[in-house]
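Here are a few friendly notes to read with the structure open beside you. Take the points in order, and find each residue as you go.

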Amino acid sequence: MADATRLFLSRDAAALSVGADGVAAALPQDQLVRTGSRGMLWLEPLLEVDTPEGRIGFGPLSVMDAKRLAETGFPLDDATCVGKVEDLPWMKIQRRVIFERCGVIDPLNLDAFEASGGLDGLRAALAKSAADIVETVTRSGLRGRGGAGFPAGIKWKTASEAQADQKYICCNADEGDSGTFADRMLMEGDPGQLIAGMIIAGLAVGATKGFIYCRSEYPHAIATLKAAIASWEGRGWLGADILGSGKAFELEVRRGAGSYVCGEESAMLESLEGKRGQVRVKPPIPALSGLFGKPTIVNNVLTLASVPWILEHGGEAYAEIGHERSRGTQAYQLAGNIRRGGMLEADFGISLRELIEDFGGGTLSGRPLKAVQVGGPLGAYIPADGLDLPMDYEAFAAAGAMLGHGGIVVFDDTVDMARQAEFAMEFCAEESCGKCTPCRIGSMRGAETISKIRDGENVEANLELVEDLCTIMTDGSLCAMGGLTQMPVMSALRHFREDFTSSDAKLKDMVD
């Protein structure tokens with residue numbers, strides 16, 4: 001082990017937050033390669049040592065651990081040694097399509113990117129016609145990973161057939177849902193995968209300009225993306241003559257201003273145009289009239305990052321992965337009260353129980369699980385007896401829930417679900433763009449009414465009022481901000497009604 005020539009350590013923001021830079025400083029600098037994260041966040045900072053048998057992991061490390069390991073030659077019997085990384089259960093069961101290189105290579109090393117097949121999908125796309133690229137993506141069954149699950153091929157075909165002197169590709173990297181961080185990890189760990197996907201999208205629809213709209217809370221991702229774009233331009237992989245093909249595509253990174261509603265595609269486009277981030281009335285759809293009134297493809301980071309694999313291996317190969325109408329893989333992010341939090345990529349169809357119990361190890365507190373919220377702050381709460389639900393768009397919809405961006409937040413039996421419902425209304429009131437009354441006013445009244453319920457004031461009458469408000473917000477809101485706020489509220493009411501009619505509340509009713 002003493003002769004190991006390369007050491008790999010993540011510079012992902014999650015690793016940095018627990019001291020990865022300090023660990024890096026204690027290691028031999030001439031052997032050190034900084035990578036993205038493998039997604040096993042409970043092991044960060046995770047050091048991987050290259051050996052003839054494969055990469056051996058050590059973690060989580062302190063600075064003192066790193067110094068000891070460097071001095072002793074990284075012995076396998078060290079207490080921090082976790083064994084061969086690829087053989088760890090967390091890694092072994094995954095299918096990595098999007099995150100194949102994340103945590104493996106230096107994200108800004110173009111030679112390593114090319115050597116690992118990073119350009120294969122782009123080269124395959126350059127050899128095809130635009131119509132063939134669209135057809136390949138359509139056959140794959142790829143659906144938008146931002147949450148809506150809309151078929152990417154249909155969106156691309158619409159934009160490809162639109163007539164215009166300019167078209168755009170916009171990547172929505174405004175990842176604001178609670179418990180989600182896969183977009184950030186990909187942008188920090190393998191920006192080339194996203195860049196290649198955006199170029200392919202441009203080739204498919206005839207767009208020569210692209211924008212990555214990244215949330216301001218992601219400074220490391222923004223810096224990595226900008227550095228990667230500059231490197232790609234310098235290598236001739238991006239710009240006026242992509243890989244010598246004579247085809248052009250320009251790419252810029254734009255920083256968001258902290259608005260949650262700009263995760264909605266039309267609000268994001270308004271922000272990109274320098275306007276206040278408010279939703280647009282549809283139609284027209286962005287594929288026909290989007291950025292600056294031109295045909296625009298708006299896709300999530302993981303949607304676009306799936307495309308290079310599809311072009312390399314074919315639409316049919318991708319369509320063979322997944323479950324029912326949910327094809328391919330999804331990045332599942334485990335957060336909240338969970339023993340092993342992190343990100344893993346696996347087929348659609350895996351159950352919530354497998355993700356939480358097998359991968360996540362159950363609750364961190366060791367107490368019984370009470371609820372799981374999937375799909376961000378506007379996602380439904382799923383009770384403990386619903387964990388066998390498969391991760392599938394239609395299965396979730398049938399259960400009154402949504403898969404969303406794959407974020408999973410776990411709560412144990414100490415959580416107050418009435419308070420969680422109140423928080424959902426407060427969140428909507430705080431983040432609403434204010435354009436439509438049901439969202440702007442309904443959320444405020446909803447938070448006030450649930451507060452009264454929690455204080456025991458006219459509980460049954462106010463519960464009925466909350467249900468009416470939820471119906472109005474669902475039917476009358478312009479976008480999902482107001483339209484989906486009912487989902488966490490009504491799921492909390494449906495599965496945990498006793499939290500709204502607690503003994504304290506009933507006692508206050510009796511006193512009144």
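1. Start with Ala335, which stands opposite Val409 in β16. In the same strand β16, Leu334 has Ile408 as its bridge partner. These pairs are a good way into the model, which is a predicted one. Strand β12 (residues 329-336) and strand β16 (residues 407-412) run parallel and are joined by four bridges.

2. Now look at strand β14 (residues 369-374), which runs antiparallel to β16 and is joined to it by five bridges. Here Val374 stands opposite Ile408 in β16. As general background, the strands of a sheet pair through backbone hydrogen bonds, and the pairing can be parallel or antiparallel.

3. Where do these strands sit in the sheet order? The open sheet has five strands with mixed pairing, in the order β13-β12-β16-β14-β15. Its edge strands are β13 (342-347) and β15 (381-383), each of which pairs on one side only. On average, neighbouring strands of this sheet are turned by 30 degrees against each other, ignoring direction.

4. Is β16 mostly covered or mostly open? It is mostly covered, with six of its six residues buried. Gly407, Val409 and Phe411 point one way from β16, while Ile408, Val410 and Asp412 point the other way. Try turning the model until you can see both sets.

5. Ile408 appears again in the largest nonpolar core, which has 80 residues: Leu352, Met391 and Ile408 touch the most other members. Helix α17 (residues 417-431) gives this core its largest share, seven residues. A second, separate core has 66 residues, including Cys214, Ile229, Trp237 and Ala287. In soluble globular proteins, nonpolar side chains tend to be buried together.

6. Which residues does Leu352 touch, leaving aside its neighbours within four places in sequence? Its contacts are Val372, Val374, Ile382, Gly386, Leu387, Leu389, Met391, Phe396 and Ile408. Two names in that list should be familiar, Val374 and Ile408, which stand opposite each other.

7. Next, a helix. In α7 (residues 130-140), the buried residues are Ile133, Val134, Thr136, Val137 and Ser140. Seen down the axis of α7, these buried residues fall within an arc of 160 degrees, so they line one face of the helix. They pack against α6 (120-126), α8 (152-161), α10 (191-205), α13 (301-313), α14 (315-319) and β11 (326-327). After α7 comes Gly141, with a positive phi near 80 degrees.

8. One of the partners of α7 is α13, and Ser306 is found in that helix. Is Ser306 buried or exposed? Its relative accessibility is 0%, and buried means under 20%, so Ser306 counts as buried. Not counting residues up to four places away in sequence, Ser306 touches Ile98, Leu142 and Tyr318.

9. Finally, see how α13 meets helix α9 (residues 182-189). Two packed helices are described by the angle between their axes and the distance between the axes. For α9 and α13, the axes come within 9 Å and cross at roughly 50 degrees. The two helices are therefore oblique to each other. Where they meet, Ala182, Asp183, Leu186 and Met187 in α9 face Val301, Leu302 and Ala305 in α13 as contacts.

Terms used: Residues numbered from 1 in each chain as written. Predicted model: local features only at pLDDT ≥ 70, side-chain atom pairs only at ≥ 80, totals over all residues. Heavy atoms only, no water. Core = buried A, V, L, I, M, F, W, Y, C linked by side-chain atoms within 4.5 Å. Buried < 20%, exposed > 50% of the residue type's maximum accessible area, 1.4 Å probe, protein only. Contact = heavy atoms within 4.5 Å. Arc of directions from axis to C-beta. Pairing = 2+ DSSP bridges. Axes fitted to C-alpha atoms, helices over the stretch in contact; angles between N-to-C directions. Parallel < 35°, antiparallel > 145°, perpendicular 65-115°, else oblique.
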